[in-house]
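Thanks for making time this morning. I would like to walk you through one chain, beginning with the overall picture and ending with a handful of individual residues.

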Amino acid sequence: MNRKVRIIQIGYGKMGCRIVSYMIESGADIIGIFDADPLKTGSFIPGCDDKLKIEPVDGIEERIKQLRPDCAIVATKSLMRDVRDTILKCVEYGVSVVTTCDEALYPWTSSPAITKEIDLAAKAHACTVSSSGFPDLAYCSMIAATCGAAHRITAITGQASYNVDDYGIALARHHGVGLTEEEFHREIGSRNHITDVEQRRLINSGEFTAIPMWNANCWLCAKLGLTIRSHRQINLPIIAAKEVYSSTMVRVIRKGETLGMSAKAVAETEEGIRLETESIGKVYETGEEDTNDWMIHGDPDIRVSNANIHNEEMICSLVVSRIVDTLNGPFGFVTSDHFQPATFLLNPINTYIRNMD
């Protein structure tokens, strides 16, 4: 590609700020930044053109027509039903999308109707929608690659932890931060007890609330050629044993309130391989750090472990790297199991894009 990639950023919270910074350093042309927070509207962006200011997201459709971006980064919320309208507004004008939405990692099994709607719209308007973030590497491509060193696999288990204060208010609320234990079980934990019939109904109606490991399990099964026979998820509160300050909630989480949650997904496959994975998202206490620990059980047993990782920075780096695959990819909603592991951008990002002028 002989010119800079023209990109708009939708969502300028904790993650969005870093993504914009990384895109600028990678040689992208940031032509528009949008956010729903009226307090941010009109603010200038460090490192960007002096005329570039944060604009209200309400006017984005008209601005997309005026700006004609190549790609939009959607860094707002965690569920497909919450990002659907924003993604469709981009796609309907032929703008490709990379999103940080957790569920978008592999949404075909949790929000199939919304995913199909976006897929058909992207194909009709000759553009591509995909997602990325830390799970793209640490729960998915890195684990799938490691499986290649196993002769036989009986189970895949994984546990990852992250500080919800690194990601903003939408994710903190999604994890129940600040709820009482009773409120957590009523609003989030009640989903643990639904029947298979009710789970299918929620999935087909677009009302199912997937946890990140649900989508990671489905990504891995798709990549490894496994067929899921049954899939369940369990959300449990992590209760504060003492007062802990949350910078995202801008208040102290009191003893007995929820710091976050343990979210476990268990998938049984027709091939006999069990996937049992857990993400622990909570407000960290002093001294706690991000971890990522997986085991491939079989012949041989193989462990993949990352200590003191930098979740936030890796999410943003991977999103920028996946712009390349998205703009080079086939049209439609393309999950990253169809791509190679994300590319290190040694050179300006436009030099890696081959499908555009």
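**From the whole chain to single residues**

Let me start at the surface, and please keep in mind throughout that this is a predicted model. The chain exposes about 15,600 Å², and carbon and sulfur atoms supply 51% of that area. As for charge, there are 36 positive and 47 negative charges in the chain, and their mean positions are 2 Å apart.

Turning to the overall build, the chain holds ten helices and 15 strands, and its C-alpha trace spans about 50 × 50 × 40 Å along the principal axes. A compact globule of 357 residues would be expected to have a radius of gyration near 21 Å, and the value for this chain is 20 Å, so the two agree. Of those 357 residues, 54% count as buried. If we take the contacts with a separation of 6 or more, 71% of them are between residues that sit 24 or more positions apart.

On annotation, UniProt lists residues 142-307, in an unreviewed entry, as "domain: 2,4-diaminopentanoate dehydrogenase C-terminal", and as that annotation may be inferred rather than shown by experiment, I quote it simply as the record gives it. In the model, this span is 25% helix and 40% strand, and its end C-alpha atoms lie 15 Å apart.

Within that span there is a peptide bond to look at, the one from D299 to P300, which is cis, with omega near -5 degrees. P300 itself is placed in the loop between β13, residues 291-299, and β14, residues 302-307.

Staying with strands for a moment, H231 belongs to strand β8, which covers residues 228-239. Is H231 buried or exposed? Its relative accessible area is 7%, and because the cut-off for buried is under 20%, H231 counts as buried. Setting aside residues up to four places away in sequence, H231 touches Q199, W214, N217, C218, A265, V266 and A267. D136, by contrast, is 95 residues from H231 along the chain, and the C-alpha atoms of the two are separated by 20 Å.

Now to a helix: I118 lies in α4, residues 112-124, and it is buried, with a relative accessible area of 0%. Which residues is I118 in contact with, once neighbours within four places in sequence are left aside? They are M80, R84, I87, L88, V129 and F333. Another long-range pairing joins the picture here, since I118 and G332 are 214 residues apart in sequence, yet 7.4 Å apart in space from C-alpha to C-alpha.

Finally, I would like to point out two backbone angles. A126 is found in the loop between α4 and β6, the latter being residues 128-131, and its phi is near 55 degrees, a positive value in a residue other than glycine. The relative accessible area of A126 is 42%, which means that this residue is partly exposed, as the limits for that class are 20% and 50%. R68 also has a phi near 55 degrees, again positive in a residue that is not glycine, and R68 is placed in the loop between α2, residues 60-67, and β4, residues 71-74. With a relative accessibility of 65%, R68 counts as exposed.

Terms used:
Residues numbered from 1 in each chain as written. Predicted model: local features only at pLDDT ≥ 70, side-chain atom pairs only at ≥ 80, totals over all residues. Heavy atoms only, no water. Helix = DSSP H or I, 4+ residues; strand = E, 2+ residues; numbered from the N terminus. Rg over C-alpha atoms; globule rule 2.2 N^0.38 Å. Buried < 20%, exposed > 50% of the residue type's maximum accessible area, 1.4 Å probe, protein only. Contact = heavy atoms within 4.5 Å. Areas by Shrake-Rupley, 256 points an atom, 1.4 Å probe, with all protein chains shown as cover. Lys, Arg positive; Asp, Glu negative; His and termini not counted. Charge placed at Lys NZ, Arg CZ, Asp CG, Glu CD.
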